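Let us walk through this structure together, one piece at a time. Keep the view open beside you as you read.

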Amino acid sequence: MIPNTRLQVIWDRLLAVVEEQGQALMRAAFSPIVRECGDISAGIFDAKGRMLAQAVTGTPGHINTMAMAVETLRNHFPICDMRPGDIYVTNDPWIASGHLNDFLLMMPVFHDDRLIGCTSCTSHLVDMGGLGMGPDGTDIFDEGLLIPPCKLLDGGKLNTLLMDIVRSNSREPIANEGDIFALIACCETGADRLCQMMREFELTDLDEIATYIIETSRRGTISAIAELPKGIWHNSLKVDGYDTPLELNATLTIADDHLLVDFDGTAPCITKGINVPLNYATAYTVFALRCIIGPDIPNNAGSLEPFRVIGPTGCILNAQHPAPVAMRHTLGQMTPDLVYGCLAQALPGQVPAEGASCMYDLPLRHSPGAEDRNETLFALELVFNGGTGARPTLDGLSATAFPSGVWGSQVETTEAVAPVLIHRRELRMDSGGPGRQRGGLGQRIEMSASEDQDLQLFLSVERIETPAKGRDGAGDGAAGRIQLAENGTDLPGKGTFIIKAGDRLIFETPGGGGFGPASERDRGRLESDIDAGLVSVDAARNHYGQTS
Amino acid sequence: MTAANAYRMAIDIGGTFTDTVLVHGGSIRATAKTPTTPDKPVFGALTGARDVLKSAGIDWGDVTGFIHGTTLATNALIERRGAKVATITTSGFRDILEIGYERRYSQYAINIEKPDLIVPRQSAFTIKGRMNASGQELTPLDVSTVDGLVRNLEDGGFEALAICLLHSYANPDHERQLVALLQARLPHLVMSQSHEISPEAREFDRLCTTIANAYIQPLMAGYLSDFKARFEAEGLKCPILMMTASGGMTTVETARRLPVRLVESGPAGGAVLAARIAREVNMPEVLSFDMGGTTAKLCLIDDFRPRMARKFEIARTERFIKGSGMPVRIPVVEMIEIGAGGGSIATIDRLGRLRVGPQSAGADPGPAAFNKGGTDPTVTDADVSQGLIDPARFAEGRLSIDPAVAEHALDKSIGPALSLDASHTARGISEIVDENMASAARMHAVESGKDLSNRLMIAFGGNGPLHATRVARRAQISRILVPRDPGVGSAVGFLSAPVSFEIVRSHYIILDKLNIADINRFFRGMVDKAQTVVRSGASDGKANENRIAFMRYHGQGHEIEIELPPRDLISSDIENLKQAFEREYTRQFSRAIPDMKIEILNWSLSISIPIHMDSVTDNILDVEHGAPAETRKILCDVTGHWRSVPVLDRQSLLPDTEIQGPALITEPQSTTFVSADFSAKIDQHGNIWLTQIPKGAT
């Protein structure tokens, strides 16, 4: 038997190994969203396929999607057929991570000729062909190449046919190839480190450490759940949808030893690519819950098991093949607000208000035919964020990503690499929902082409029609707004548009909702907000009842 | 060039102690550790200087070199004791600071607050005028609004101003024009211009760096003038050189203008020392491991040079969490600092797991064993309870150590939770903290694309030699060197720092389309600037020039440093650069990517004039040889059993002495622990080499 303190050291080591794995992947990645936002995942599994450790990376979209994916792959391929140097791959959205761009690899790890577990990782590739990253595909076949689970490496030998297929089906073949190599390096790094650890601690298998990690984490999670009130709570969230508003519904059951979220009552899938496979909706839902319930317990099979998510087949949060899912994050990132609406009833005064939530990404490209006109060819994936919801005891954070962990872009580096000019990037006065705690502010970006050429814009954002609601009597945050300056028209939140040469795009991100009645806001802090230009004198009078 | 027989003095003012070292030729003649005098740090420094002069029996006339390092700049930023600062940015970009990278530094923490970046929105002003990324003026500076700005700056009672206009790294004309206009009207306002402080693209980082500089400038300028005046009054004849974060030295005048470069200069001294030892023992790849009372600092050394970074964070909200502080983009020795030191406190978390640090009992009350009122069990208490610290010899007997109190602290809060006795609880604490440090080292190596296993660890700081074998084993490192005087590493390191200045500047190009004439002109500008600074600190001596391009594949984030020839580029260099990049990329990532465009955004130039110095480890002091070895009982970290081990006095160990672990080697400020699976050997410089014995060899 391994002494208790030694087990803890080994656990710490496994957590360090997955972080190293994650770093190895991010360093070599091509996809900007991976590099800037850490849109990856890396984990270690035992021989039974149970996740023991997962890297804490930039976005929650892979939390327990990877755990489920490895289980699926292991059921798909008999263990007796696995050999050292094998690596399996798939980008099936319903197995990997919700859309075709996310590749998942799994590598069985052998120690002294015995399979002791596996390493796995996920990363976002730049382009998988099809219509590209936009909501306009009507089914999965429009969205690009789907690779069913198969061997990427067979005994260390690369599946060159598969690589040829990936290259031939992408607008970014070189970057895709680089990203796949980065994923392979990540699996290999993890496997190397794991074997090194086995030698150092003289282990022959992971059984005892696995039981210790999983049982300790499960116990900790269940004791955190035990402190919660028991019951059933319901919430309904209206979202913009593609062109008509949709309703998302959730029922949260807090039981003695688990939490169950059921999306029953949620609108059905639509024929645009904002449908969400259940694995991805689960990732964001569980992330949101774990921010409040046991956030200090690492992600593994034990800590994740008590969080269960279901939804009726075919609802927009449990989309089925062949529904289009390219922009599944647009609604996936709204699920924390949905489930917080339930949790806030169970835990009054402990759950933040709604926020901008869906990231305001701004993918820009040269317009069609640019090459023939000798215009500059480019592709940019800018990300801007709105405000987060006010917290029970703190204001919301202005222009800050939540629930995703994406990084915003810098104006100078953006202008250096692409023919765009940004004229303004400032906080939007009065966009934070009024409340005892104020919602975070959104921001206003104005941009145009810096050369004489049109720009093509792909939008898939939320909260244009339905602003972030305040909680406990507070006001809503401002809705997002996207306009073209020339004729002052408002653009819808989703679709493909052209910014004419010389015209300006005005891109305003939403504010977060407030928390608690605005009349209870501390007057000193209100004054300070007015002084800083975050709240106008008018708004102070109208929303906060400021008299002087 | 400094003559080999001259006296040189180094003073390192730390938070608690001021270390003073006097060397003559190649050897340390005197050292002093005096309490830092926080109200007027120069007083503590003067005391230390008088002490060492007296014990060496010389006067100021004999001192031909003087190097100073101080934590004052760092502390002013951490403790928020700087000036009232306003900013001026480009119109439309008032919120560079508020918006930052739009990021929470902790994924699961709902209730985080963003770091305080010194300047509130109320103090952020803007002016119209615009440059583009290649430095062309799109809109002229709107000078008509300067009157209003002057009024705002006067009314607000500002003491310093940070100016950061978009793309000023590419064309600083608007910043200069604005400063000229404002200076005429506000001659007493101290101004920092972003293109001078940090000429790199990324407006948030550049603005933060400019603010940090402006914030401490009035304070540091006053301090430096006073320091200089008092030492001159005392009799100092030679110029004062200041230690910088990049591990080089600069003049007081440059330090007054760019005080942000003095931040974190103390730890850099330790890395410089490790680099010099690396060269002396001809080990190009080293992990420098400096473990003190509160933190451990790790630095990779390659080709005898400490690894450099262009960015670090100051004043973190959560001290060891990336992204929770204020970014500062200046050339700096890259250090990983983690909350693992002798004073780090052990706790049990809610999963029943043993955790160590980052909370620290500090120097006061300190570990429980110090018997100064501390009750929390610490890493030092764990070491005491394993018998690794000899109470009689600890800190030359200046601090009393009570093993019974240490054991009581372990038994009280940790032992019962783990169902372990005090000694095994102690062993558990060591295992956890050593694993933390080894993980940090491994992680840093991965982030840097380096391997740890073939490196030599150079261990110093009060606790470095005690934990070295235990950390090295976990980091797959099998050789360790413990230098002489491991307790005063930083100040000794100052004495081997070169006079140097480094500039990193942005200029975006695609390698295939590189305009040779442009880039040569760009570099000549940087060379002129750096030469001026360096020559004012060292008028003769051969200057080493080092040019680096930070290259990457288009669309990829990770930059790879490629050294450029120290001369104007010619067109045939482009192909060589491409090949060098692909070679290095292949080394780090196994495969190069053919046909991918290569781009460069940042370039660096450094000019340094090395100080000639004989090895300070050259001469062995007289030793009292043959002192009989004592023994102690320790808990063996390999077997987990108690055993009796020899305790040796380092002073008594002659070169070529070999010692088989387990053993303890003691000296005034630290103890070297030779684990059972290591052997120790003393070299002719007095260094202790620890070598792991391969498994099965014993």
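B:Ser500 has B:Ser608 as its bridge partner in strand 28 of chain B. Helices and strands here are DSSP runs, H or I of at least four residues for a helix and E of at least two for a strand, numbered from the N terminus. Before going further, please note that this is a predicted model, in which local features need pLDDT of at least 70 and side-chain atom pairs count only at pLDDT 80 or more, while totals for chains, interfaces and linings use all residues. Residues are numbered from 1 along each chain as its sequence is written, and chains are lettered from A and ligands numbered from 1 in the order in which they are written.

Back to strand 28 of chain B, which spans residues 598–609. Strand 25 (residues 499–510) of chain B pairs with strand 28 of chain B in the antiparallel sense, over 10 bridges; two strands count as paired if DSSP finds at least two bridges between them. Strand 26 (residues 544–553) of chain B also pairs with strand 28 of chain B, antiparallel and over 10 bridges. Within that pairing, B:Met551 stands opposite B:Ile600. How many of the residues of strand 28 of chain B are buried? The count is 12 of 12, so the strand is mostly covered, where buried means that 20 or more other C-beta atoms lie within 10 Å of a residue's own, exposed means 12 or fewer, and partly exposed is in between, with C-beta atoms placed from the backbone.

Now take in chain B as a whole. Chain B holds 17 helices and 35 strands. Its domain assignment gives domain 1 (102–207), domain 2 (344–431) and domain 3 (499–609); such bounds come from an automatic or database domain assignment. The centres of domain 2 and domain 3 of chain B, taken over C-alpha atoms, are separated by 49 Å. Along the principal axes, the C-alpha atoms of chain B fill a box of roughly 80 × 60 × 55 Å. A compact globule of 698 residues would have a radius of gyration near 26 Å, and chain B agrees, with 26 Å; this radius is taken over C-alpha atoms, and the globule rule is 2.2 Å times the number of residues to the power 0.38. Of the 698 residues of chain B, 52% count as buried.

For a contrast with strand 28, look at B:Trp642, which lies in strand 30 (residues 642–649) of chain B. Is B:Trp642 buried or exposed? B:Trp642 is exposed, because 12 other C-beta atoms lie within 10 Å. Leaving out residues up to four places away in sequence, B:Trp642 touches B:Lys633 and B:Leu635; a contact means that the C-beta atoms of two residues, placed from the backbone, lie within 7 Å.

Next comes the meeting of the two chains. The contact takes 57 residues from chain B and 61 residues from chain A. On the side of chain B that touches chain A, helix 3 (96–99), helix 7 (203–234) and helix 13 (422–447) each supply at least two residues. Helix 13 of chain B gives the largest share, 9 residues. The residues on this side of chain B divide into 22 nonpolar, 16 polar and 19 charged, where Ala, Val, Leu, Ile, Met, Phe, Trp, Tyr, Cys and Pro count as nonpolar, Asp, Glu, Lys and Arg as charged, and the others, Gly among them, as polar.

Crossing into chain A, you meet domain 1 (4–217) and domain 2 (352–548). Their centres, taken over C-alpha atoms, are 34 Å apart, and 12 residues of domain 1 of chain A are in contact with 11 residues of domain 2 of chain A.

Strand 3 (residues 87–90) of chain A has both faces covered: A:Ile87 and A:Val89 on one side, and A:Tyr88 and A:Thr90 on the other, are all buried. In a regular strand the side chains alternate between the two faces of the sheet. Strand 3 of chain A pairs antiparallel with strand 6 (residues 150–154) of chain A over 3 bridges, and A:Ile87 stands opposite A:Leu153 there. Another 3 bridges join strand 3 of chain A to strand 4 (residues 102–111) of chain A, also antiparallel, with A:Leu105 as the bridge partner of A:Val89.
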